[in-house]
Each structure stands twice: as C-alpha cells, then as structure tokens.
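The exercises below ask the reader to work from a displayed model towards statements about fold, burial and contacts. Please look over the chain before turning to the solutions.

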Amino acid sequence: PKRIFSGMQPTSSSLHLGNYLGALVNWVKLQDDYDAYYGVVDLHALTVTTDPSVLRDRTRITAAQFLAGGVDPTRSTLVLQSYVPEHTELAWILACQTAMGEASRMTQFKDKTAKGQTANVGLFTYPILMAADILLYDADLVPVGEDQRQHLELTRDLAERMNSRFGRLLTVPEPYIVQGSAKVMDLQDPTSKMSKSLSSDNGLIDLLDDPRRIVKKIKSAVTDTEREIRYDVEAKPGVSNLLVIHSTLSGTPVADLERQFEGKGYGDLKGEVAEVVVAAIEPFQARFNELLADPAELDRILVEGSAKAGEVAAATLARVREGIGLLPRA
Ligand code: TYM
C-alpha cells in the first residue's frame with residue numbers, strides 16, 4: 001500500500017475544530033487504505049517557548065486526541081518525532097539544499113512574525129524539518145489543511161532537487177487537501193482561518209471545550225445581514241463556514257443542506273450545527289478522558305510506534321547518506 005505521513009504540533013492543550021475537520025478526520029479515513037504514519041511533532045513545538053512540564057502534558061494530550069479521534073494504533077503508526085533522531089539529521093541535509101530565498105518566502109513564517117511572534121531560527125527553518133518528516137517515510141500522500149500547502153510545495157521541490165542532483169533518493173509526495181474543510185474559519189471573523197494562536201476565544205472551538213460553551217460559541221457565530229442559507233465563500237463566509245462544518249461532520253453534501261434549510265433562518269442553521277458538533281465531540285471527550293487516565297499505555301503506544309517508524313527512517317537516511325557522499329556508518 002501507499003504511504004502517508006502527517007503530523008500535528010503539541011502547542012496547545014487541545015486540538016481545535018480546524019485541526020479535526022481539516023486533518024484528523026481524513027487521517028482516520030485514510031488509515032484503512034494506506035500505510036499511515038502520524039506524528040506528534042514535538043520538535044516543531046520547541047519553536048514556541050513552553051514550560052517543560054506543559055510541553056510534556058501537551059505531547060501526551062495530543063497523542064490521546066489522535067486516538068480519541070479514531071486513529072487506531074493497530075492500523076496506523078504513531079510517531080513521537082523526537083524519539084526518531086533521523087528527523088533532525090535529514091532536516092540538516094535538506095537545509096543545505098534550501099536556498100535562503102525560498103525559505104524566506106514561506107508565508108506562515110511571515111504571517112507569524114508580522115503578528116508579533118518573536119522569531120527564532122527554528123521557526124524560520126521549521127518547514128525544512130517538516131519536509132524531513134515527510135520525506136523520511138517516503139510518503140506518497142500528506143493529508144493536511146490548506147495552510148500547509150506552501151510547505152508541501154517546498155517539500156516537493158526539495159525532493160525533486162535531491163533526486164536530480166544525486167539520483168532517485170526520495171519519494172515526491174502529493175498533498176491531500178479536501179476542499180471546504182481544509183480551511184475552517186474563525187467563528188467571529190469568518191474571513192480568517194480558525195487558529196490556536198490568532199483566533200479569539202469565541203472564534204475557536206477546542207475539542208475539549210465544555211459542550212455548553214460550544215453551543216454558545218456556535219450560536220453567536222458571525223453571519224451576514226441577508227437571510228438566505230447558501231454556500232458562497234466570498235459573499236457569505238460565516239454561513240458557508242457553518243455549512244462546511246455541518247457537512248463534514250454529518251456527511252450530508254452542502255447542496256443537500258442548502259435545500260434542507262430553504263426558507264429557514266440562521267438560528268435554525270446554528271442550532272443544527274451545534275447539535276452535530278456536540279454529537280461528535282461528546283464521544284470524543286469520553287474516549288479522550290479514558291486514554292488520558294492511562295498515561296503508561298499512551299507512552300507505550302508512542303514508544304512502540306516510534307520504534308517501528310525508526311526502522312523506516314533509518315533505511316531512508318542510510319540511502320540518503322550514501323547518495324550524497326557521507327561515509328556509511330560501520
Ligand atoms: P498544525 O499543528 O498547526 O495543525 C495540524 C493540522 O491541522 C490543520 N489545520 C486546519 N485545517 C483546517 N482549518 C483550519 N482552520 C486549520 N488549522 C489547522 C493543519 O493544516 C494541519 O494539517 N506544520 C504542521 C505540522 C507538521 C506536519 C509535518 C504536517 C509538522 N511536520 C509533516 C504534515 C506533515 C503544523 O503546524 O500543523
């Protein structure tokens with residue numbers, strides 16, 4: 001079967017609805033047909049200053065949320081990035097193939113620093129570590145949200161460059177970005193993506209939020225001054241976002257929802273979206289709490305998955321080392 005790699009940073013004490021609908025839902029779907037590797041990318045989280053005990057908690061919390069969302073460790077391989085040192089070693093090799101100019105064009109870095117996040121060198125080279133994550137596993141497909149598209153372009157460019165300089169060493173991956181849910185928007189500012197660092201509290205739904213707060217947040221979502229329930233991202237970003245959230249969770253196509261809500265008001269739409277979200281989140285939270293109650297089991301899953309991942313990573317790295325002229329390790 002073809003290979004998948006994707007990852008999430010443990011930079012928060014809960015994943016949000018964008019992470020869930022834009023990525024995690026697809027991870028779960030794809031694990032049946034692909035050899036899937038899913039990473040808690042803790043080294044990426046070091047680009048943000050975090051108290052050590054908080055980082056430890058968030059790392060376990062993030063892994064538990066993958067599992068609570070339906071990632072099955074008997075079908076997918078869970079990787080803790082820092083357990084597999086090949087990630088950083090390949091990142092260095094790729095950094096030496098990356099032009100300053102192309103690294104400087106990464107819009108996520110530019111956005112973050114423009115909004116006042118102080119930049120360390122790690123934040124700047126972060127997309128190169130991400131490329132290493134993907135290329136290390138010879139991933140064919142990378143399921144992510146829209147905001148990662150440019151990083152995947154860089155990953156593809158680096159793989160192609162390595163291959164043309166040194167012969168076929170790396171698999172060139174394809175992005176898997178699902179229209180609509182790949183960009184879940186801020187409920188209070190539906191022209192900006194939902195984001196843990198940039199959204200206001202009311203604009204963001206955390207998967208671990210109290211269901212009553214979730215209902216409140218959805219009911220106070222910003223819409224528009226018309227009355228018509230119709231998918232039109234340009235003219236009606238708020239309503240379109242609610243339709244996408246509903247559709248992704250309920251499995252009902254947006255066109256069918258438009259028909260179902262004909263003649264109804266925004267209050268009806270919000271009420272139903274809230275129901276659909278809570279119906280997904282309640283069992284998620286129950287599973288999460290069970291998983292977190294047994295941290296030893298979680299750690300075991302991460303250790304075991306990372307050991308398996310390490311074998312794939314070591315083989316790729318040996319091939320790359322040899323291909324670029326580093327002496328083989330005895
Ligand atoms: P991260 O941790 O910020 O986000 C995890 C995933 O959630 C998606 N996402 C969204 N999707 C839809 N709507 C939104 N509002 C939204 N916000 C976030 C992201 O696109 C992502 O898929 N650099 C990555 C982590 C990473 C990675 C990798 C991903 C490191 N190495 C290798 C894939 C492959 C990141 O910061 O994601």
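Four exercises follow, each with a worked solution.

The model is a predicted one, in which local features need pLDDT of at least 70 and side-chain atom pairs count only at pLDDT 80 or more, while totals for chains, interfaces and linings use all residues. Residues are numbered from 1 along each chain as its sequence is written, and side-chain values use heavy atoms, with hydrogens and water left out.

**Exercise 1. Describe the overall build of the protein.**

Step one is to take stock of the secondary structure: the protein has 13 helices and 5 strands, where helices (H or I, at least four residues) and strands (E, at least two) are DSSP runs numbered from the N terminus. The radius of gyration, taken over C-alpha atoms, is 21 Å, close to the 20 Å that the globule rule gives for 330 residues, so the protein is as compact as a globular protein of that length; the rule itself is 2.2 Å times the number of residues to the power 0.38.

Step two is to look at burial and contacts. Buried residues (under 20% relative accessible area, with a 1.4 Å probe and protein chains only) make up 51% of the 330 residues. Among contacts (heavy atoms within 4.5 Å) between residues at least 6 apart in sequence, 76% join residues at least 24 apart.

**Exercise 2. Work out which residues of helix α4 are buried, and how they are placed around its axis.**

Helix α4 spans residues 86–95, and its buried residues are E86, H87, L90, A91, I93 and L94. They cover an arc of only 165° around the axis, which puts them on the same side of α4; the arc is that of the directions from the helix axis to the C-beta atoms. As background, an α-helix has 3.6 residues a turn, so residues three or four places apart point the same way. The last step is to ask what lies over this side: the cover of the buried residues of α4 includes β1 (3–8), β3 (77–80), α7 (121–136), α8 (149–166) and α13 (295–324).

**Exercise 3. Place L80 and D35, and trace their contacts.**

L80 belongs to strand β3 and, at 5% relative accessibility, counts as buried. Once neighbours within four places in sequence are left aside, L80 is in contact with V40, D42, T59, L302 and S306. D35, in strand β2 (residues 35–40), is likewise buried, with a relative accessible area of 19%. With residues up to four places away in sequence not counted, D35 touches P1, K2, R3, I4 and K308.

**Exercise 4. Examine two loop residues, D138 and V184.**

Begin with the backbone: D138 has a positive phi of about 50° although it is not a glycine. For comparison, most residues other than glycine have a negative phi. D138 sits in the loop between α7 and β4 (141–143), and at 17% relative accessibility D138 counts as buried.

Turn next to V184, which is found in the loop between β5 (174–176) and α9 (211–219) and is buried, at 4% relative accessibility. Apart from residues up to four places away in sequence, V184 touches L17, G18, L21, K193, M194, N241 and I245. Finally, V184 and S164 are 20 residues apart in sequence, and their C-alpha atoms are 37 Å apart in space.

Note on methods. Buried < 20%, exposed > 50% of the residue type's maximum accessible area, 1.4 Å probe, protein only.
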